[in-house]
Amino acid sequence: MRKNLPDWVSGFFWLALSIFVSVKAAQSGVGKLSNPGPGFLPFCSSLVMGVFGASLIATNLFGGQGRGRILDLWRHVKWRRVIWTLASLFLYALLLPKLGYVPATFGLMLCLFWIMKRILWVREGASAFAIACLSYILFRSLMGIQLPKGLMSFFF
């Protein structure tokens, strides 16, 4: 543990947490890929978390001295975009049952385009509308998934 103690601690924490979650998920019943049980998603998530924890430990163990720390990865993140994206997703979750899938998804896509600093509203508006309609067709018609109708209930 000669290199970076915070990376060691966080790597072992995530690895231990992934082992705990995978054991509990296995006790809940993982099921099969064709018929997943209640513990399937937590089990798969814990495997991914364990791989990340183990890779953090391995990077710290075998990595060179010239490499940066994990905290350096977050140095140039544009936090305003992250906060706006999270706020728009939260608003989307609130408005989805009231507005319906197509209008709420259209609004979300416009917000995400705006966050990414795309400003050609005609092109982004058409793209957002196409994404909302095509994803509705994919989910509702082809996959048979029930989506909130909201204001659009008179159309469907």
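Arg 80 is exposed, with a relative accessibility of 70%. This residue of the predicted model sits in helix α3. Its C-alpha lies 8.9 Å from that of Ile 115, although the two residues are 35 apart in sequence. Ile 115 belongs to α4 and takes part in the contact between α3 and α4. That contact is a good place to enter the fold.

First, the overall layout. The protein chain has 5 helices and 0 strands. Its pattern along the sequence is α-α-α-α-α. Of the 156 residues, 24% are buried. Among contacts with a separation of 6 or more, 57% join residues 24 or more positions apart.

Now back to α3 and α4. Two packed helices are described by the angle between their axes and by the distance between those axes. For α3 and α4, the angle is about 170° and the axes are 9 Å apart. An angle over 145 degrees counts as roughly antiparallel, so α3 is roughly antiparallel to α4. On the α3 side, the contact includes Arg 81, Trp 84, Thr 85 and Ser 88. Leu 89, Tyr 92, Leu 95, Leu 96 and Leu 99 also contribute from α3. Helix α4 supplies, among others, Tyr 101, Pro 103, Ala 104 and Thr 105. Leu 108, Cys 111, Leu 112 and Trp 114 are also among the α4 residues in this contact.

Ala 104 shows one part of this packing in detail. The residue lies in helix α4. Its relative accessible area is 6%, which is under 20%, so Ala 104 counts as buried. Beyond its neighbours within four places in sequence, Ala 104 contacts Tyr 92, Leu 95, Leu 96 and Leu 99. These four partners are among the α3 residues of the helix contact. Ala 104 and Tyr 92 are 12 residues apart in sequence, and their C-alpha atoms are 6.2 Å apart.

Aromatic rings add another layer. The structure holds 5 aromatic pairs. One of them joins Trp 84 and Trp 114 edge-to-face, with 5.2 Å centre to centre and 90° between the planes. This pair links distant parts of the chain: Trp 84 is in helix α3 (residues 79–99), Trp 114 is in helix α4 (residues 101–115), and they are 30 residues apart. Trp 84 is partly exposed at 48% relative accessibility. Trp 114 is partly exposed too, at 38%.

A second pair brings in the next helix. The ring centres of Phe 106 and Phe 129 are 6.4 Å apart and the planes meet at 80°, so this pair is edge-to-face. Phe 106 is in helix α4 and Phe 129 is in helix α5 (residues 121–142), 23 residues apart, so the pair again links distant parts of the chain. Phe 106 is partly exposed, at 28% relative accessible area. Phe 129 is also partly exposed, at 48%. Elsewhere, ring pairs link Tyr 101, Tyr 136 and Phe 139 into a cluster.

Charged side chains come next. Lys 117 lies over the face of Trp 114, 5.9 Å from the ring centre. Trp 114 therefore has an edge-to-face partner in Trp 84 and a charge over its ring. Side chains of opposite charge can pair when their charged atoms come close. The count here is 1 salt bridge. It is formed by the side chains of Glu 124 and Arg 123, at 3.3 Å from N to O. How do the two residues stand in accessibility, buried or partly exposed? Glu 124 is buried, at 2% relative accessibility. Arg 123 is partly exposed, at 47%.

The last stop is at the start of the chain. Ser 18 is found in helix α1 (residues 5–28). Ser 46 lies in helix α2 (residues 40–62). Ser 18 is buried, at 4% relative accessibility. Ser 46 is buried as well, at 1% relative accessible area. The two serines touch: leaving aside residues up to four places away in sequence, Ser 18 contacts Ser 46, Met 49 and Gly 50. On the same basis, Ser 46 is in contact with Ser 18, Val 21 and Ser 22.

Conventions. Residues numbered from 1 in each chain as written. Heavy atoms only, no water. Helix = DSSP H or I, 4+ residues; strand = E, 2+ residues; numbered from the N terminus. Buried < 20%, exposed > 50% of the residue type's maximum accessible area, 1.4 Å probe, protein only. Contact = heavy atoms within 4.5 Å. Phe/Tyr/Trp six-rings, centres within 6.5 Å; stacked < 30°, edge-to-face > 60°. Lys NZ or Arg CZ within 6 Å of the ring centre and 35° of its normal. Salt bridge = Lys/Arg side-chain N within 4 Å of Asp/Glu carboxyl O. Axes fitted to C-alpha atoms, helices over the stretch in contact; angles between N-to-C directions. Parallel < 35°, antiparallel > 145°, perpendicular 65-115°, else oblique.
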